[in-house]
Amino acid sequence: MNEVSRQQTRQQPEATSQEAREPQAELAMQPPVDIFEADNALHLLVDMPGVTRDALRIEVDNNVLSLEGDIQLDMPEGMSAIYAEVRAQRYARRFTLSHEIDSDAIAARIDNGVVHVTLPKKQSHHRRRIEVKSA
Amino acid sequence: MFGDLRRFDTGPSRGVDWFRQLMDEMFPESGAADIRSVPRGSYPMINIGRTDDAVRVYVFAAGLAPEVLDVSIQDNVLTVRGERPEASPEAEGGETAFFRRERGTGEFIRTVALPEGLDADRAEANCRNGVVEIHLPKREELKPRRIAIQAT
């Protein structure tokens, strides 16, 4: 899978600077997402086929949620591609969170290539039903 | 490895190159598209690789149970069909508000032409992390052979 990056390290063994990382190796796909709100939480469903649990990174930094995953395919040595629609080695997508999200309580799981991120709202922002009293 | 396949471009990558997409729409290419090509990013995406003794097809079918996916080969044409269920929000008693719906759901069918000389009877498929991998061995007589040179 990482043939591109491997070739680069072979060609420039001592190059460790930022320029050594070609844009092609850094090319990331934007995975399609569903976002919906249910049960006092926002839910994110992200399609990342080929990403294992260990190859998935989910971070919240400064109210920005970033999802990144490396595609891990079982490819034999010496394989050459004859047709490809997936041409990046990784997926990446970022979202800005709103203030009512409790970033400490964010949970995520991956199942069969679909990432499900649950973003609960803070307790103070939960939906409340207001009782209407009769006069 | 699939990174050097830009010449097979069926369209700009989604989200990566919106400017080129805009330009392509304004000045469309006169080149002919492959008869079975689909809009870029159609679900599921497919990669095909070749080794000396086999062809491997990778179907990027996230969230699809192996039993609902139907893979068939006829005359070197591979057909993948299935149905992805609607994402079911686990809302109890409350309504669900969708903000984005980019993941396709429902029935799909995709067809790709494969190289000649594959042994469809010995094909194997397995599913891992949302990627279905189909292994198609080449027929024995089409494998590369080393020819010994005899000294006279």
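What pLDDT does chain A average, and what share of the residues score at least 70? Keep in mind that this is a predicted model. The average for chain A is 80. At least 70 is reached by 81% of the residues.

Now the weak stretch. In chain A, residues 4–24 stay under 50 in pLDDT. The model still gives that stretch 11 contacts beyond four places in sequence. Where pLDDT is low, predicted coordinates should not be read in detail. Please treat those 11 contacts in residues 4–24 of chain A with that in mind.

On to chain B. It has one helix and eight strands. What is the order along the sequence? Chain B reads α-β-β-β-β-β-β-β-β. The chain has 152 residues, and 22% of them are buried. Take the contacts in chain B with a separation of 6 or more: 55% of these join residues 24 or more positions apart.

Let me pick one residue, Val112(B). Where does it sit? Val112(B) is in strand 6 of chain B, which covers residues 106–113. Buried or exposed? Neither label fits: Val112(B) is partly exposed, because it has 19 other C-beta atoms within 10 Å, and buried takes 20 or more.

Who are its partners? Set aside the neighbours within four places in sequence. Val112(B) then contacts Arg36(B), Ile46(B), Ile48(B) and Leu78(B), and also Tyr83(A). So that last partner comes from chain A.

One distance to finish. Ala65(B) is 47 residues from Val112(B) along the chain, and their C-alpha atoms are 21 Å apart.

Notes: Residues are numbered from 1 along each chain as its sequence is written. Chains are lettered from A and ligands numbered from 1 in the order in which they are written. This is a predicted model: local features need pLDDT of at least 70, side-chain atom pairs count only at pLDDT 80 or more; totals for chains, interfaces and linings use all residues. Helices (H or I, at least four residues) and strands (E, at least two) are DSSP runs, numbered from the N terminus. A residue is buried if 20 or more other C-beta atoms lie within 10 Å of its own, exposed if 12 or fewer, and partly exposed in between; C-beta atoms are placed from the backbone. Two residues are in contact if their C-beta atoms, placed from the backbone, lie within 7 Å. pLDDT is the predictor's confidence in each residue, from 0 to 100.
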